[in-house]
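Colleague: Could you take me slowly through one part of this structure, the nonpolar core and what is built around it? I am in my first year, so please explain the terms as you go.

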Amino acid sequence: QVQLVESGGGLVRAGGSLRLSCAASGRTFSSYAMGWFRQAPGKEREFVATITWSGGFTYYVNSVKGRFTISRDNAKNTGYLQMTSLKPEDTAIYYCAAQTSGSGKYDCWGQGTQVTVSS
């Protein structure tokens, strides 16, 4: 089974930057789309960004467009989320997810990494 491990979270001031990493085991991760989701306290998990296996297509939720950049390095089996101009409302646990079977569904999830943005 593919395993995902997020890292790079932390505490930053508003306007700061962080880069999250998602390390995956196996080859399946590099063959399909992956994405980032986040969940704030008391709220539902929400979609943040996605990227196809080749990196040729990316899509972001409106609230992060222009501030976040999703990328991946398939040779390293690693996905990234570069976050800039962070806002307090970005505070959440960020999860990496992958489509591992070609079904088009996110069927593999990491444990999450905490991002806290102070105002």
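Modeller: A nonpolar core is a set of buried Ala, Val, Leu, Ile, Met, Phe, Trp, Tyr and Cys residues that are joined through side-chain atoms within 4.5 Å, and buried here means under 20% relative accessible area. Please keep in mind that this is a predicted model.

With that in hand, the largest nonpolar core has 27 residues, and those with the most contacts inside it are Trp 36, Phe 68, Leu 81, Met 83 and Tyr 94. The elements that give two or more residues to this core are β3 (18-24), β4 (34-39), β5 (46-51), β7 (68-73), β8 (78-83), β9 (92-98) and β11 (113-118).

Let us look at β7 among these strands. What are its two faces like, covered or uncovered? On one face of β7, Phe 68, Ile 70 and Arg 72 are covered, whereas Thr 69, Ser 71 and Asp 73 make up the face that is uncovered. The partner of β7 is β8, and the two pair in the antiparallel sense over 6 bridges, with Thr 69 standing opposite Gln 82 of β8. These two strands also form a hairpin, with 4 residues between them. In that loop between β7 and β8 we find Asn 77, whose phi is positive, near 50 degrees, in a residue other than glycine. Asn 77 has a relative accessible area of 14%, and therefore it counts as buried. A residue with a positive phi of about 50 degrees that is likewise not a glycine is Ser 85, and its place is in the loop between β8 and β9. Ser 85, at 40% relative accessibility, counts as partly exposed.

We can now step back from the hairpin to the sheet that contains it. Strands of a sheet pair through backbone hydrogen bonds, either parallel or antiparallel. Here 4 strands form an open sheet in the order β1-β3-β8-β7, and the pairing is antiparallel. At the edges stand β1 (4-7) and β7, each with a single partner strand, so one side of each is left without a neighbour in the sheet. From one strand to the next, the twist averages 15 degrees. At the β1 edge, β1 and β3 pair in the antiparallel sense over 4 bridges, and one of the facing pairs is Val 5 with its bridge partner Ala 23 in β3.

Strand β3 also brings us to the disulfide. Cys 22 and Cys 96 form this link, with their sulfur atoms 2.0 Å apart, and the count comes to 1 disulfide. The pair links distant parts of the chain, since Cys 22 is in strand β3 and Cys 96 in strand β9, 74 residues apart. Both Cys 22 and Cys 96 are buried, and the link is left-handed, with -80 degrees about the S-S bond. Why does Cys 108 not take part in a disulfide? The closest cysteine sulfur to that of Cys 108 is in Cys 96, at 8.1 Å, which is too far for a bond, given that a disulfide needs sulfur atoms within 2.5 Å. Cys 108 is itself buried, with a relative accessible area of 9%.

Finally, there are the aromatic rings, whose count comes to 5 aromatic pairs. In one of them, the rings of Phe 37 and Trp 109 have their centres 4.8 Å apart and their planes at 55 degrees, so the pair is tilted. This pair, too, links distant parts of the chain, with Phe 37 in strand β4 and Trp 109 in strand β10 (residues 108-109), 72 residues apart. Phe 37 counts as buried at 11% relative accessibility, whereas Trp 109 is partly exposed, with a relative accessible area of 32%. Phe 47 and Tyr 59 form a stacked pair, 6.0 Å centre to centre and with 25 degrees between the planes. Because Phe 47 lies in strand β5 and Tyr 59 in strand β6 (residues 58-60), this pair ties together parts that are 12 residues apart in sequence. Ring pairs link Phe 37, Phe 47, Tyr 59, Tyr 106 and Trp 109 into a cluster. A charge also meets this cluster, for the charged end of Arg 45 sits over the ring of Trp 109, 4.8 Å from its centre; that charged end of Arg 45 also sits over the ring of Tyr 95, 3.8 Å from its centre.

How values were computed
Residues are numbered from 1 along each chain as its sequence is written. This is a predicted model: local features need pLDDT of at least 70, side-chain atom pairs count only at pLDDT 80 or more; totals for chains, interfaces and linings use all residues. Side-chain values use heavy atoms; hydrogens and water are left out. Buried means under 20% relative accessible area, exposed over 50%, partly exposed in between (1.4 Å probe, protein chains only). Two strands pair if DSSP finds at least two bridges between them. Axes are lines fitted to C-alpha atoms, for helices over the stretch in contact, and angles run from 0 to 180 degrees between N-to-C directions. Rings of Phe, Tyr and Trp (its six-membered ring) pair if their centres lie within 6.5 Å; planes under 30 degrees apart count as stacked, over 60 as edge-to-face and the rest as tilted. A charge sits over a ring if NZ of Lys or CZ of Arg is within 6 Å of the ring centre and within 35 degrees of the ring normal.
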